[in-house]
Amino acid sequence: VTDTAVAATDCIIVNHKSGGTLGSYNVQAHTIAAGSFKISVQNVSGGALSEALVLSFVVIKGAIT
């Protein structure tokens, strides 16, 4: 995700909002850097899924002191 409001010190929370089978996926933000971050989606259902997911995220501004 490219977002100029993101800093490397920020905390990103991402959720599976709708679409697909809720509870069948783990979603996580990682590789947070100035201006971008990545989101990983993992199928934990045990079956083959190919659904269109709707994800939501929030950026919590952080600092290192």
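Visitor: Leaving aside its neighbours within four places in sequence, which residues is Ala-34 in contact with?
Guide: This is a predicted model, where local features need pLDDT of at least 70, side-chain atom pairs count only at pLDDT 80 or more, and totals for chains, interfaces and linings use all residues. Residues are numbered from 1 along each chain as its sequence is written, while side-chain values use heavy atoms, with hydrogens and water left out. Ala-34 sits in the loop between β2 (25-33) and β3 (36-43), strands being DSSP E runs of at least two residues, numbered from the N terminus. Counting contact as heavy atoms within 4.5 Å, the partners of Ala-34 beyond its sequence neighbours are Val-6, Ala-7 and Ala-8.

Visitor: Is Ala-34 buried or exposed?
Guide: The classes rest on relative accessible area: buried is under 20%, exposed is over 50%, and partly exposed is in between, with a 1.4 Å probe and protein chains only. Ala-34 has a relative accessible area of 66%, so this loop residue counts as exposed.

Visitor: How far apart in space are Ala-34 and Gly-46, C-alpha to C-alpha?
Guide: In sequence, 12 residues separate Ala-34 and Gly-46. In space, their C-alpha to C-alpha distance is 35 Å.

Visitor: How many bridges join β2 to β3?
Guide: Two strands pair if DSSP finds at least two bridges between them. One partnership here links Tyr-25 to Asn-43 in β3, and the hairpin of β2 and β3 has 2 residues between the strands, with Gly-35 taking a positive phi near 90 degrees. The two strands run antiparallel, and the number of bridges joining them is 7.

Visitor: Let's turn to the loop between β1 and β2. Is Ser-24 buried or exposed?
Guide: Ser-24 is found in that loop. Not counting residues up to four places away in sequence, Ser-24 touches Gln-42, Asn-43, Val-44, Ser-45 and Leu-49. Its relative accessibility is 8%, so Ser-24 counts as buried.

Visitor: Which residue forms a salt bridge with Lys-61?
Guide: A salt bridge is a side-chain nitrogen of Lys or Arg within 4 Å of a carboxyl oxygen of Asp or Glu, and the structure holds 1. Lys-61 lies in the segment after β4 (54-60) and its partner in the segment before β1, so the pair ties together parts that are 51 residues apart in sequence. Lys-61 is exposed at 54% relative accessibility, whereas its partner is buried at 6%. The closest N and O atoms are 2.8 Å apart, and the partner is Asp-10.

Visitor: Which residues form a nonpolar patch on the surface?
Guide: Patch residues have over 30% relative accessible area and no salt bridge; like charges are joined within 9 Å, nonpolar side chains (Val, Leu, Ile, Met, Phe, Trp, Tyr) within 5 Å. One member is in strand β1 (residues 11-18), and at 37% relative accessibility that residue counts as partly exposed. Together the patch has about 220 Å² of accessible area, computed by the Shrake-Rupley method with a 1.4 Å probe, where for residues only the protein chains shown count as cover. The members are Ile-13, Val-58 and Ile-60.

Visitor: And for the whole protein chain, what is the radius of gyration?
Guide: The chain has 0 helices and 4 strands, and its C-alpha trace spans about 45 × 20 × 15 Å along the principal axes. The radius is taken over C-alpha atoms, and the globule rule is 2.2 Å times the number of residues to the power 0.38. A compact globule of 65 residues would come near 11 Å, but the protein chain has 13 Å.
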